[in-house]
Amino acid sequence: MSGLNDIAVLGSGPAALSIAAACTERGASVTLVAPEPEAPWQPNYCLWADEVSPRMEHLTERLWPQASVVTALGSRVLERPYVKLDTQELQRFLWGALRAGSVRITSSRAAALDHRGTESRIRTDDGTILRARVVIDASGARSPFIKRTHRRAPAFQTAFGLMLRAPGHGFDPNRMVLMDFCPASRQDPDPPSFLYVLPMGDDRLFIEETSLARRPAMRLSVLRARLEARLASLGLQHCERIDEEHCSIAMGLGLPTPEQALVPFGAAAAMVHPASGYLVSRVLRKADPVAASIVESLVSGDASLAIASGNATLWPRQERAVWELYTFGLETLVGMTATEIGCFFDSFFRLPQNGWSGFLGGTLSRSELAAVMTRLFGTLPASVRWHLVRTGLSAGAAPLARSVLQPGLT
Ligand SMILES: Cc1cc2nc3c(=O)[nH]c(=O)nc-3n(C[C@H](O)[C@H](O)[C@H](O)COP(=O)(O)OP(=O)(O)OC[C@H]3O[C@@H](n4cnc5c(N)ncnc54)[C@H](O)[C@@H]3O)c2cc1C
């Protein structure tokens with residue numbers, strides 16, 4: 001059995017390393033428990049440039065001054081810079097910050113947790129027992145250790161992407177394509193998907209076919225076939241394929257209940273944006289305040305207080321209400337047809353920039369979000385409004401009504 005550490009962090013993804021580093025920076029002793037702690041991350045992590053904090057600006061691999069959105073109703077240019085982080089540099093940076101403090105690494109999987117008031121015990125899959133005063137679970141969307149407000153099956157955003165060597169690819173190197181909903185072929189009975197493109201200079205291109213949230217998940221084979229059709233229509237089918245990305249993001253997981261014997265973080269804590277699938281900016285923004293609340297409470301000596309304080313900072317009551325509204329947004333997207341989705345996003349990106357960017361960033365207050373959704377509703381064609389009303393009367397109605405009607409929240 002190990003000695004007693006302040007904090008055990010489960011996982012070694014972006015959420016785990018961010019929160020673990022934020023805890024060691026505040027002087028806590030941390031045990032990081034993950035099956036392959038130093039396995040290189042694969043995803044191309046992107047976010048809006050205004051979401052990157054000054055201390056991480058040097059991790060930017062590429063910045064596009066503009067983004068574009070294309071639907072059957074036309075195309076729009078968004079004057080909001082978008083950034084791809086250098087995945088390896090991000091991982092190295094967080095490891096550097098973590099190692100500057102007191103950390104112990106355990107290369108195994110947490111198999112069982114036992115909470116005993118002043119400490120928790122983690123049994124790993126090789127039978128070792130680790131002891132910590134507080135467990136932070138950042139082991140991803142499939143964590144079995146978290147109590148949730150609901151157990152509805154998640155929806156999945158899936159994507160199939162390729163990094164191409166494509167000299168003269170024809171895309172503007174200063175503009176990434178956030179969503180292009182115009183399909184290469186219109187005779188496809190499967191649900192709609194969109195193209196996402198990152199021009200990596202004049203000779204490389206990351207190009208990905210992505211589904212919106214679907215339940216059940218859209219098959220990768222369909223996305224792959226659609227991407228091949230797109231490449232053929234762009235004349236890029238013979239380009240060298242440098243890398244392949246397969247993506248499956250669980251969305252709309254139930255929020256963790258406020259009373260837990262641990263602190264969840266990252267995808268495990270349902271922090272993935274229910275409508276867009278983005279997580280990285282939220283994880284980077286929340287790691288410091290959540291770590292501070294846990295470590296400061298531990299200094300006063302009480303593990304239960306530290307856990308309660310971490311959970312309250314992670315999901316304050318107002319943000320829970322806002323997230324339920326977002327989850328309503330997710331439920332509406334899940335069932336839309338291609339035409340409805342085109343209309344929806346065309347109207348969405350016609351909103352004032354602070355409206356759509358606040359919505360995507362998950363930074364709006366409950367009243368701001370309700371105002372954005374009401375304004376959007378007013379601009380949508382009747383068929384899409386009818387879809388929203390039908391959805392509102394089924395799965396999303398209860399949380400939506402609770403969120404909107406609950407007094408005292410801003
Ligand atoms: C291909 C892809 C591209 C994405 N692109 C973006 C993007 O551009 N922007 C964005 O904001 N989001 C993006 N996302 C969404 C999101 O940011 C990622 O899913 C992110 O990796 C989630 O981070 P996480 O640390 O919470 O979980 P994960 O990255 O899933 O990490 C979970 C960790 O827990 C470990 N683990 C699992 N079980 C156990 C256990 N029992 N005990 C201990 N450890 C365990 C795993 O080994 C892993 O280290 C993308 C996702 C994917 C899949």
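These are my notes on the overall build, the domains and the first helix of this chain.

**Overall build.** I'm working from a predicted model. I counted up the secondary structure and got 11 helices and 17 strands in the protein chain. I then checked the size: for 410 residues a compact globule would have a radius of gyration near 22 Å, and the protein chain comes out at 22 Å, so the two agree. Along the principal axes, I get a C-alpha trace of about 60 × 50 × 35 Å. I also looked up burial, and 46% of the 410 residues count as buried. Of the contacts with a separation of 6 or more, I find that 74% join residues 24 or more positions apart.

**Domains.** The assignment I pulled up gives three pieces: domain 1 (4-42 + 85-150 + 255-315), domain 2 (155-251) and domain 3 (318-405). I looked at domain 1 against domain 3, and their C-alpha centres lie 31 Å apart. Their contact takes 8 residues from domain 1 and 11 from domain 3. On the domain 1 side I sorted the residues into 4 nonpolar, 3 polar and 1 charged.

**Helix α1.** I picked α1 (residues 14-25) for a closer look. Its 12 residues should span 16 Å at 1.5 Å a residue, and the end C-alpha atoms are 16 Å apart, so that agrees. Is it enclosed or open? I find 11 of the 12 residues buried, so α1 is largely enclosed by the rest of the structure. Among the buried ones are Pro14, Leu17, Ile19 and Cys23. I traced the cover over them to elements including β1 (4-10), β2 (29-34), α2 (87-99) and α4 (280-299). After α1 comes glycine 27, where I read a positive phi, near 95 degrees.

Notes
Residues are numbered from 1 along each chain as its sequence is written. This is a predicted model: local features need pLDDT of at least 70, side-chain atom pairs count only at pLDDT 80 or more; totals for chains, interfaces and linings use all residues. Domain bounds come from an automatic or database domain assignment. Two residues are in contact if their C-beta atoms, placed from the backbone, lie within 7 Å. Ala, Val, Leu, Ile, Met, Phe, Trp, Tyr, Cys and Pro count as nonpolar, Asp, Glu, Lys and Arg as charged, and the others, Gly among them, as polar. Helices (H or I, at least four residues) and strands (E, at least two) are DSSP runs, numbered from the N terminus. The radius of gyration is taken over C-alpha atoms; the globule rule is 2.2 Å times the number of residues to the power 0.38. A residue is buried if 20 or more other C-beta atoms lie within 10 Å of its own, exposed if 12 or fewer, and partly exposed in between; C-beta atoms are placed from the backbone. The expected span of a helix is 1.5 Å times one less than its number of residues.
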